[in-house]
There are 2 protein chains.
Amino acid sequence: MAKDNKKMVAAITSMDEDFAQWYTDIVKKAELIEYTSVKGCMVIRPYGYAIWENIQRILDGMFKETGHETVCMPMFIPESLLQKEKDHVEGFAPVVAWVTHGGSEKLEDRLCVRPTSETLFCEHYSNIIHSYRDLPKLYNQWVSVVRWEKTTRPFLRSREFLWQEGHTIHETAEEAVIETERMLNVYAEFCEKYLAMPVVKGMKTESDKFAGAVSTYAIEALMHDGKALQAGTSHYFGDGFAKAFDIQYTSRENKLEYPHQTSWGVTTRLIGAIIMTHGDNNGLVLPPAVAPVQVVIVPVQQHKEGVLDEANKLYEKLKSCGIRVKVDDSDNSPGWKFAEYEMKGVPVRIEIGPKDIENKQCVAVTRHNREKLFISLDETLDSFAAAVSERLEAVRDGIYQSALENREKRTYACKTMDEIVKALADNGDGFVKAMWCGEEACEDKVKEETGVGSRCIPFDQEQLSDVCVCCGKPAKKMVYWGKAY
Amino acid sequence: MAKDNKKMVAAITSMDEDFAQWYTDIVKKAELIEYTSVKGCMVIRPYGYAIWENIQRILDGMFKETGHETVCMPMFIPESLLQKEKDHVEGFAPVVAWVTHGGSEKLEDRLCVRPTSETLFCEHYSNIIHSYRDLPKLYNQWVSVVRWEKTTRPFLRSREFLWQEGHTIHETAEEAVIETERMLNVYAEFCEKYLAMPVVKGMKTESDKFAGAVSTYAIEALMHDGKALQAGTSHYFGDGFAKAFDIQYTSRENKLEYPHQTSWGVTTRLIGAIIMTHGDNNGLVLPPAVAPVQVVIVPVQQHKEGVLDEANKLYEKLKSCGIRVKVDDSDNSPGWKFAEYEMKGVPVRIEIGPKDIENKQCVAVTRHNREKLFISLDETLDSFAAAVSERLEAVRDGIYQSALENREKRTYACKTMDEIVKALADNGDGFVKAMWCGEEACEDKVKEETGVGSRCIPFDQEQLSDVCVCCGKPAKKMVYWGKAY
């Protein structure tokens, strides 16, 4: 059985050797997904889907607490509807899948499978909004969308993916901007607190905005390999969509006005972010808040009298405290089990054998650092349950700290193009902080000459110098630059 | 404001006058759905979606308790994959929507939007099942599917609808049959206990089976107008799909064997069933278990000192007991509010005004029978909360009883074709119980001559006579017949 253990661990490519292959190995070996015969469309397997269910449950709670209601729009958008907002159709038409036939009948107006649902929400708003009394509407939906991507990777870029899309509509521009920022903050809080993933909050540059938005806010995270990943976006639309879709309401002053809109979304991409932020060469490392199994109990010498009984007692205690716990009493060896649950990223492993029982204790091992801690077992097991909860907290704090250190180590403040090139060459990919004049030409040139594109204009600005890193003219903003997933 | 009240109630067509229009009025006025520009595709609005969320939560819990895991398959099926099982493709190809282009590129193999996912599950099984150790797999997914129906009605028959589809695969035929029956029982329990909707459990005739199934089990409910509605189905597939998709496993005896499969589903159609089982001329009547708002508190003379405070105290108490409760302190009149929440089917209304407070009581009105009950308010409000819970139970029991009585009143045991025609003519649509020889020709003839088709062969058989109602040859089974939604 020790052989199996070695074989399994050996089967993952080292992340230092080939990060992309390491990623692919994990999504398969941890049984998160399986490929299908349609390129870019995957099966999300139970273990992967359970992570998404936990993400949904927590986020949905946060949405409802901030006053949002859940709706469900159709998956089809008539071509004529998609074309109503000019920038929007230009952005999305090239990547949509077209339904041309229903049964044996050819459709008059082709339907695209939604790549996003602004147009559907606008059509709906125009039907249900008449007066300021009908505002605001704070909506969200959990659905899948389709974008016909050329290059695909599980979770990171797939042709169909799961997401939530919030859509809101307000009396005033000010209210809509507040909403846009509020939801970006919800995303940031969710990522940091529950996914243990530090993020930079900021605004996208003009060239990187969502098709049809006045402004796009984003949270950006840094992966283990130094590449950036956009983890969530929140868009302020102004009244552009309202004008295109003729949505008007009678105001408090009894005048016809155009309302102001927002939309915001996160996707199953977050699962990719979890893998690349916290994973290691033994497999997945899951943040406790979204781990399908938070604690696995592995009995040692389980055939000996009393061992399974004791394991089951620990199980019952943790379960009664609301912890997602599992006992593995299969006939695989403890070594095989250790490797299996490390691969699956279970945050805490409890080992219990005859000696432990004799000493009234068990062993707790935290996944991220393999730290072993003896926990004593008293009569009620209350202090045991408290100690396990504390271990789960320790995993969350530990992996957050590691991710933050990785990001800090890989964030380079640069004043010249040469400094950017050198920092990346010397230290590897990462975030580059550099000043920018606001011109798209400079944005393009930085990307062309150094390989890093603008990620966002962070809310936390620093004055690194007075001039643009590229053209030397007066700088307007500090920008985070990076290579992106 | 009294005018508004009258206007709103008057705006619903009476169910006795035009049942179909009454139904359409309710789905719109109770804000369950809104139409879109794509025929047969609807927006499920917050109030409608919240009912679905409650259905999902309860059913998902029942699925997980019976050992099922949640997965997510892609929405696209390549034409070549759909064609692998002969009966299945014949059944579904005529009603699917076809994607022919991705972006600007024409697809080599057309993709259909899933009408159901057997083929996708089979492809997946063939990738992950190798040994008896990999069996059983007990899967479920919550997704939407598309069927290009000609005639569409909200919830009852739409081109896109939400559903869950369970898919399981087993070592033996026996295990698979047990699973098929287990899930039918889960559906029946769910409908009766939580939707307060009595159902008949039985088996579909050969001509009415799911495309590709060996046998199809169903639960059938009777709507208020005497038409039948298939509320859920559970299919046993034998090893037909396994053979078509070449799914084999190494058995305990080290031989290659074909596994046995099932699938089962319920849809947003259940919301249509709720409307037509429990609704009345004042609007929706919701079973408390799935009502988005279980209790609405309407303050009377709310501007008077202490009224809103007291209403809020009652709210806090019920909320702390896990009851979904709302206070409506808007400036609409109590009369308007009464009509509004009756339209929306809120099971219990609490009225509280200055006189009630003086008398240390409030009024509880149950939606289905408008019964008024005074509830006394003690210091802790514990007995108040208990009384409200009891009222919610009373609504569930009351509407179940009414639905059962309606079904019994409208179930006609008939021995001849003439008796069928007469029973329907005299008493209106309903379930007809009659004996059947098992021949499709007789099934067709009954439908042609009396208008009622076979709904199911119930598990609870009765021997009404020895001969087929149609041909007079020896009868094999008693069948429920009816007109179906």
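The legends below describe close-up views of a predicted model with chains A and B. Because the model is predicted, local features need pLDDT of at least 70 and side-chain atom pairs count only at pLDDT 80 or more, while totals for chains, interfaces and linings use all residues. Residues are numbered from 1 along each chain as its sequence is written, and chains are lettered from A and ligands numbered from 1 in the order in which they are written.

**View 1. The two chains are related by a two-fold axis.**
Chain A can be laid on chain B by a turn of 180 degrees and a shift of 0.0 Å along the axis, with an RMSD of 0.0 Å, which is the relation of a two-fold axis. The superposition is by least squares on the C-alpha atoms of residues with pLDDT of at least 70 in both copies. The residue of chain A that comes closest to the rotation axis is A:Val99, whose C-alpha lies at 2.1 Å. The same surface serves both copies, since 100% of the contact residues of chain A recur in chain B.

**View 2. Chain A and chain B each give 44 residues to their contact.**
Two residues are in contact if their C-beta atoms, placed from the backbone, lie within 7 Å. The elements of chain A that give two or more residues to the side touching chain B include helix H3 (46-65), strand S5 (97-102) and strand S6 (105-113), where helices (H or I, at least four residues) and strands (E, at least two) are DSSP runs numbered from the N terminus. S5(A) gives the most, with six residues. This side of chain A divides into 27 nonpolar, eleven polar and six charged residues; Ala, Val, Leu, Ile, Met, Phe, Trp, Tyr, Cys and Pro count as nonpolar, Asp, Glu, Lys and Arg as charged, and the others, Gly among them, as polar.

**View 3. S5(A) pairs with strand S5 (residues 97-102) of chain B.**
The two strands run in the antiparallel sense and pair over five bridges, where pairing requires that DSSP finds at least two bridges between them. Within this pairing, A:Trp98 stands opposite B:His101 in S5(B).

**View 4. A cis peptide bond precedes Pro136 in chain A and in chain B.**
The bond from A:Leu135 to A:Pro136 has omega near -10 degrees, and A:Pro136 is placed in the loop between helix H6 (118-128) and strand S7 (137-146) of chain A. In chain B, the bond from B:Leu135 to B:Pro136 likewise has omega near -10 degrees, with B:Pro136 in the loop between helix H6 (118-128) and strand S7 (137-146) of chain B.

**View 5. B:Glu31 and B:Asp246 have positive phi values.**
Phi of B:Glu31 is near 60 degrees, and this residue lies in the loop between helix H2 (19-29) and strand S1 (33-35) of chain B. B:Glu31 is partly exposed, with 15 other C-beta atoms within 10 Å; a residue is buried if 20 or more other C-beta atoms, placed from the backbone, lie within 10 Å of its own, exposed if 12 or fewer, and partly exposed in between. Phi of B:Asp246 is near 55 degrees, and B:Asp246 counts as exposed because it has 10 C-beta neighbours inside 10 Å.

**View 6. Helix H11 (residues 334-343) of chain B is largely enclosed by the rest of the structure.**
Seven of the ten residues of H11(B) are buried, among them B:Trp336, B:Tyr341 and B:Met343. After H11(B) comes B:Gly345, whose phi is positive, near 75 degrees.
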